[in-house]
Amino acid sequence: MGAKYAPLVADLFLFCYESEFIKNLSKSNDLNLIEKFNTSCRYLGDLCSLDNNLFHTYIKNIYP
């Protein structure tokens, strides 16, 4: 931590968990849930999830 590239490395690392979660969602064919997570985005260690009232219930499924 503290290095200039640390946020980028963290972003890449966390993207692996997020992409695996989205792949599992697409296999389940739950279109309502997929639509909720469609507005979630990440930028340099920050996470933004707009209009997703279910995000807090799935956070432990996304990040171990």
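Contact here means heavy atoms within 4.5 Å. The structure is a predicted model, in which local features need pLDDT of at least 70 and side-chain atom pairs count only at pLDDT 80 or more, while totals for chains, interfaces and linings use all residues. Residues are numbered from 1 along each chain as its sequence is written, and side-chain values use heavy atoms, with hydrogens and water left out.

**Exercise 1. Describe the overall fold of the protein, from its elements to its contacts.**

Step 1. Helices (H or I, at least four residues) and strands (E, at least two) are DSSP runs, numbered from the N terminus. The protein has three helices and two strands, and these follow the pattern α-α-β-β-α along the sequence.

Step 2. The C-alpha trace spans about 40 × 20 × 15 Å along its principal axes.

Step 3. A residue is buried under 20% relative accessible area, exposed over 50% and partly exposed in between, with a 1.4 Å probe and protein chains only. Of the 64 residues of the protein, 17% count as buried.

Step 4. Among contacts between residues at least 6 apart in sequence, 42% join residues at least 24 apart.

**Exercise 2. Characterise helix 1 and find what its buried residues pack against.**

Step 1. Helix 1 covers residues 6-28, and its 23 residues reach 34 Å from the first C-alpha to the last. This is close to the 33 Å expected at 1.5 Å a residue, where the expected span is 1.5 Å times one less than the number of residues.

Step 2. Ala6, Glu18, Phe21 and Leu25 are buried in helix 1. The partners of the buried residues of helix 1 are helix 2 (31-37), strand 1 (40-43), strand 2 (46-49) and helix 3 (55-62).

Step 3. Glu18 has a relative accessible area of 15% and is therefore buried; leaving aside residues up to four places away in sequence, Glu18 touches Arg42, Leu47, Ile62 and Tyr63. Glu20, which also lies in helix 1, is partly exposed at 42% relative accessibility, and its C-alpha atom is separated by 13 Å from that of Lys60, 40 residues apart along the chain.

**Exercise 3. Work out how helix 1 and helix 3 are arranged, and which residues meet.**

Step 1. Axes are lines fitted to C-alpha atoms, for helices over the stretch in contact, and angles run from 0 to 180 degrees between N-to-C directions. Helix 1 and helix 3 pack at an angle of about 110°, with their axes 10 Å apart. The two helices are therefore roughly perpendicular, a class that takes angles of 65 to 115 degrees.

Step 2. From helix 1, Tyr17, Glu18 and Phe21 meet Tyr58, Asn61 and Ile62 of helix 3. The residues of this contact divide into four nonpolar, one polar and one charged; Ala, Val, Leu, Ile, Met, Phe, Trp, Tyr, Cys and Pro count as nonpolar, Asp, Glu, Lys and Arg as charged, and the others, Gly among them, as polar.

**Exercise 4. Locate the positive phi values at Asn29 and Asp51, and state how accessible these residues are.**

Step 1. Most residues other than glycine have a negative phi.

Step 2. Asn29 is not a glycine, yet has a positive phi of about 60°. Asn29 is found in the loop between helix 1 and helix 2, and with a relative accessible area of 59% Asn29 is exposed.

Step 3. Asp51, also a residue other than glycine, has a positive phi near 55°. Asp51 lies in the loop between strand 2 and helix 3 and counts as exposed at 70% relative accessibility.

Conventions: Parallel < 35°, antiparallel > 145°, perpendicular 65-115°, else oblique.
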